[in-house]
Number of protein chains: 2
Amino acid sequence: MLSPGHYQILTTLSRGGPCSRTDLARTLGVSKASISGLVRDLLNQNILCEQELVFGVGRPSVSLAVRADAASFIGVSLQQDPAVLVLTDLHGSVLARVEVPRAEDPDLCVESLVAAIDQLRATGGASTERLSGVGVALPGFVSHDRHTCVASTALGWRNVDIGAALTERTGLPTWVENDANALILGEQLFGPLRGSPDFSMVFVSYGIGCAHIVNRRLLRGNAGGAGEISHAPIAIEGFGAAPCRCGNKGCLETVASLLAITNAARRAGLPEQIGPLAALAAKGQPDALALLHRAGSALGLATAQLIQMLDPSHVVVMLDPALHDSVFAHALRKEADSHILHREGPGTMVTFRDFAPDNFASGAASLAARYFISGSDAL
Amino acid sequence: MLSPGHYQILTTLSRGGPCSRTDLARTLGVSKASISGLVRDLLNQNILCEQELVFGVGRPSVSLAVRADAASFIGVSLQQDPAVLVLTDLHGSVLARVEVPRAEDPDLCVESLVAAIDQLRATGGASTERLSGVGVALPGFVSHDRHTCVASTALGWRNVDIGAALTERTGLPTWVENDANALILGEQLFGPLRGSPDFSMVFVSYGIGCAHIVNRRLLRGNAGGAGEISHAPIAIEGFGAAPCRCGNKGCLETVASLLAITNAARRAGLPEQIGPLAALAAKGQPDALALLHRAGSALGLATAQLIQMLDPSHVVVMLDPALHDSVFAHALRKEADSHILHREGPGTMVTFRDFAPDNFASGAASLAARYFISGSDAL
DNA sequence: GCAAATGGTTCATTTCATAAAAAAATGGTA
DNA sequence: TACCATTTTTTTATGAAATGAACCATTTGC
């Protein structure tokens, strides 16, 4: 139905925001005549709309924009229990949201997800008329065709074809993706860093996740293992090197994950919740301070490794709000800063952002949105 | 002269080796009719040739191959003193070679390079009739248009437009590139790993260099700083953390570069040449063993960081031949292996290869060859 | 020999992109 | 107010490029 030319226009508008037909012709390097015809098609199909006039010297240009209601998508996050499902529009805005318990058994899990999806379809009303696809984010490895969960220790799954199951039950095309990858792909399509060709994201949850965009594409690596920062070797002098469940020693997640932090807090007789722990550290409690400083420094060192290796324009670190202005964040920034090579010009910008489980669901929805916009799942 | 279709055919043949017209049509997703016409053009221009017949069930297919003598290129390496210049054909084979002292002064340097290029042109004879371009590899940062050396501590250069200077004096289009990048781009076009979409290379010289191919493209990063493994933080327990010239502590190059090794050897009263030092270690001399083990372990740890972050299919480590079967190499492999997350399937393969200054010159020549083959310098 | 299978070519047709010209919409100026 | 310069957008005529379908070529296997 839509040609590569149509998809190029949608991608450009989605990446760079509204612009005129002439701008599109310049950006894409094709003639204004071609753009005119393609845009007409997209207007007729109610995928684009003409916005306000932009006045310059001559005839004003008409801004073209992708219509938010041209399509809607469902995103499923199995990153935590409970699972989060969202219905989003073509701008990435969340229209509806629902939570369901995350069942371990694959069949039960699909069952409850299908019920939740039906609920979203009912809630969404008119906006679900053009419902175009489902995206699933999960902690684990996903097959190359983005249908099957090859392995997930968190879920206890091996070779679960959740993509096929959901497609069959919902009648909607489904894409499955690793949680960190879904997060960064959502950011690339709809987030503040949209359009940035080289950036990385790290999130600190019970585990630690990481993903990279390089040359505008997701970095998967040879076996889909790129970004496995959890097991980055970060043994620092005086840090000790605790054995990790992977069998090695000195892995990042033995120090900086929420699980490691809460475990260490329990052993030290400190509160296990991250909020009270951070509050205690803010008041100057030495053990809490040392614990969070250690964890932040470790993640800072891993971040420095990342920056030296990839030289991204931005690294976004998603943290629990309680950690935002804490010794954890400060130690992270300081340790990272002291291990990167400073050169002229603007270096890599490290920013913190609130960690929320909904980010994964939105990211998952963006997988389907990407297909709608680019006409292929080439990431 | 050549259309995008022509370049697609050249790129496919160069990447995957000889194949038939029908194979090309299948691979590129276009009709046999189109291929037929494009191939005819390339045969007429003596860029392709028909090779042997491949017999199957029906009519045998004619293998098409890129002619090695369709064009030739000059590669310049300023990676070490003396500079190395090579003349290569379109298969990457070296046809002629010459060395010249590497002058510090940019004007003198250009002068001697031009003289050497003229010498290569004279030596090359008939093969230089289709001389198509010059590539330059140098240790330092290169501007985005691949003409100017922005900064090089090794050469003492700042904003030297060596590309423009050589183009003016030789009349040949010129591409300038960082040494590590030139090396890996040469490998991608002509080396054993040609066609592999994700791999990395590390070389150990007076400094340590590194570059990555990700999704078939060179990973440059935001400011061209990707692959700066020299200053990767590798402080290991018991390693100490020597201050580095970059101002930080615990950088890889303070331990594992040839410069660091020879300096440490001098302080310990050991031979400064890497060959005798390795021989001593092979005989069991404890200080030599400890020194090389330390250096190899450090590089192994950095390699583990690399593998965890990027998950490449291969990491090629270019080493002085004396180090190949040494404690350095063994410690490298052991340390890398003990810090990567092992999963099912074939993991990253770490291989050693001889380090030779000529590799950089060949890589430099491949920059020009790439333009001939792909019609653009989009890396 | 002849059918089956596959590789490669020819050619009329369609599709696609373009350049050039025309139309539209505005600001400035006499 | 009339008119011109400027820029955006549409229309139209032209040319390049890719295609499908038919055709020819050359082998294997029976």
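**View 1. The interface of chain B and chain A in the predicted model.** About 3800 Å² is buried between chain B and chain A, with carbon and sulfur atoms giving 52% of that area (buried area being the accessible area, for a 1.4 Å probe, that two parts lose on being put together, summed over both). This is a predicted model, in which local features need pLDDT of at least 70 and side-chain atom pairs count only at pLDDT 80 or more, whereas totals for chains, interfaces and linings use all residues. Residues are numbered from 1 along each chain as its sequence is written, and chains are lettered from A in the order in which they are written, while side-chain values use heavy atoms, with hydrogens and water left out.

**View 2. Pairs across the interface of chain B and chain A.** The rule finds 16 residue pairs in polar contact here, both residues at pLDDT 80 or more (N or O atoms within 3.5 Å; within protein, one must be able to donate a hydrogen and the other to accept it, and residues adjacent in sequence count only if both atoms are side-chain atoms). Zero salt bridges are found across this interface (a side-chain nitrogen of Lys or Arg within 4 Å of a carboxyl oxygen of Asp or Glu).

**View 3. Phosphate oxygens of DNA strand C beside the protein.** Polar backbone atoms of A:S31 and of B:V62 each lie 2.8 Å from a phosphate oxygen of DNA strand C, and a polar side-chain atom of A:S34 is 3.1 Å from a phosphate oxygen of that strand. Of the strand C atoms within 4 Å of the protein, 61% belong to sugar or phosphate, and the rest to bases.

Definitions and conventions: A residue is near a molecule or strand if one of its heavy atoms lies within 4 Å of it.
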